[in-house]
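Me: Please take a close look at one part of this model for me. I would like to know what lines the largest pocket and what lies on the helix beside that lining.

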Amino acid sequence: MNEFTRKLLITILVLIIFIICVTLVITGQRETGAPGLFRQLTGLAGLVVLLWLYNRQYK
């Protein structure tokens, strides 16, 4: 696997994870109670991890 293919796959994977995390936050906001809160927190944790991975490159 060459470098271009590897970067493309990582970019696609990060985009899919981002969409899933945003979806978790939005659907969790519509629910009331603990399950909705945990769904939102899971999505938020995923977004924070993606942000940490992005910022780690430029340290």
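Reply: What follows covers the pocket, then the surface of helix H1. The model is a predicted one, and every value here is computed from it.

The largest pocket has a volume of about 230 Å³. Its lining is made by Ile10, Val14, Leu50, Leu53, Tyr54, Arg56 and Gln57. By class, that lining counts five nonpolar residues, one polar and one charged. Two helices contribute: H1 and helix H2, which spans 34-56, each supply at least two of the lining residues. H2 gives the largest share, with four residues.

Helix H1 covers residues 3-30, and isoleucine 12 is found in it. With a relative accessibility of 42%, isoleucine 12 is classed as partly exposed, because that class runs from 20% to 50% relative accessible area. Isoleucine 12 is also part of a nonpolar surface patch of about 500 Å², together with Phe4, Leu8, Ile16 and Ile20. A residue needs over 30% relative accessible area to enter a patch, and the 42% of isoleucine 12 passes that cut-off.

Isoleucine 19 lies in H1 as well. Its relative accessible area is 47%, so isoleucine 19 is again partly exposed. Between isoleucine 19 and leucine 47 there are 9.6 Å in space, C-alpha to C-alpha, while the two are 28 residues apart in sequence. Leucine 47 falls within the 34-56 range of H2, so this pair links a position on H1 with one on the helix that gives the pocket lining its largest share.

Definitions and conventions:
Residues numbered from 1 in each chain as written. Predicted model: local features only at pLDDT ≥ 70, side-chain atom pairs only at ≥ 80, totals over all residues. Heavy atoms only, no water. Patch = residues over 30% accessible without salt bridge, like charges linked within 9 Å, V, L, I, M, F, W, Y side chains within 5 Å. Areas by Shrake-Rupley, 256 points an atom, 1.4 Å probe, with all protein chains shown as cover. Salt bridge = Lys/Arg side-chain N within 4 Å of Asp/Glu carboxyl O. Buried < 20%, exposed > 50% of the residue type's maximum accessible area, 1.4 Å probe, protein only. 1 Å grid on protein atoms, 1.4 Å probe; cavity = no way out; pocket = protein on both sides within 12 Å on 5 of 7 lines; lining within 4 Å. Points joined across faces, edges and corners; volume = space filled by probe spheres on them. Nonpolar A, V, L, I, M, F, W, Y, C, P; charged D, E, K, R; others polar.
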